[in-house]
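Reader: Could you take a close look at one aromatic residue in the core and walk me through its surroundings? I would enjoy having the cut-offs along the way.

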Amino acid sequence: MNKILFVIDCDNFSYNNYNNAIKKINNEIKNADFKVTLFGDLNNKLKNKWVRSLQESKIDNIIFYEIPILKKKNITDHFIIVETMELLFNESHDIFIFASDDVDFIPLYQKIKKYNKKIWQISQNRELSSLTDDYIDNKINLFIEDIENIYTNEELILLVDESI
């Protein structure tokens, strides 16, 4: 069984794509044990949308780190790096999956690779998508045109209705 740490940068990844990501991961990795960590400065409305998305995935091991914006400077990336390093050293994960297009994580990816761990990235931004390619083992693109390949017509109608 693959042990997966799924790190979500809520400042750079949409709750609308969370279940898309889980479906794609499950298509590529069978029999996975997930731990999901979410980081971000979320208002109550946005947090409730994340909670709904998380409940749909039926993954039990979820940790939410609420990161406040301090003096107009968002420090979410720093929290992600520190917490991920702690989990790298204190828990046994085979694959680290990052839902973010943030290039600030490249030094973190390099460190994780030194410990012979796999790194995947889930990308939503076509323009930033290729900047981290040299540092990861696998990339899942969730560009808007990919959504049609993930969902049935009925699911697409529900997704569109929910976003309106």
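Author: Happily; here is a walk outward from a single phenylalanine.

Please keep in mind that this is a predicted model, where local features need pLDDT of at least 70 and side-chain atom pairs count only at pLDDT 80 or more, while totals for chains, interfaces and linings use all residues. Numbering runs from 1 along each chain as its sequence is written, and side-chain values use heavy atoms, with hydrogens and water left out.

Our residue is F6, which lies in strand β1; strands (E, at least two residues) and helices (H or I, at least four) are DSSP runs, numbered from the N terminus. Leaving aside neighbours within four places in sequence, F6 is in contact (heavy atoms within 4.5 Å) with Y18, A21, I22, I25, F34, K35, V36, T37, I97, A99 and I122.

Let's follow one of those partners, Y18. Rings of Phe, Tyr and Trp (its six-membered ring) pair if their centres lie within 6.5 Å; planes under 30 degrees apart count as stacked, over 60 as edge-to-face and the rest as tilted. The count by this rule is seven aromatic pairs. One of them, F6 with Y18, is stacked, at 6.1 Å centre to centre and with 10 degrees between the planes. Because Y18 belongs to helix α1 and F6 to strand β1, their pair ties together parts that are twelve residues apart in sequence. Both F6 and Y18 are buried, meaning under 20% relative accessible area with a 1.4 Å probe and protein chains only (exposed is over 50%, partly exposed in between). F6 and Y18 also join Y15 and W50 in one aromatic cluster.

Now to the wider setting. A nonpolar core is a set of buried Ala, Val, Leu, Ile, Met, Phe, Trp, Tyr and Cys residues joined through side-chain atoms within 4.5 Å. The largest one here has 25 residues, and F6, I8, Y18, I25, W50 and I122 have the most contacts inside it. At least two of its residues come from each of β1 (2-9), α1 (18-28), β2 (32-40), α2 (44-57), β6 (95-99) and β7 (118-123). Helix α1 gives the largest share, four residues. Apart from this core lies another, of 18 residues, including I67, I80, M85 and I119.

So where does F6 sit, to recap? F6 is buried, as is Y18, and F6 is among the residues with the most contacts inside the largest nonpolar core.
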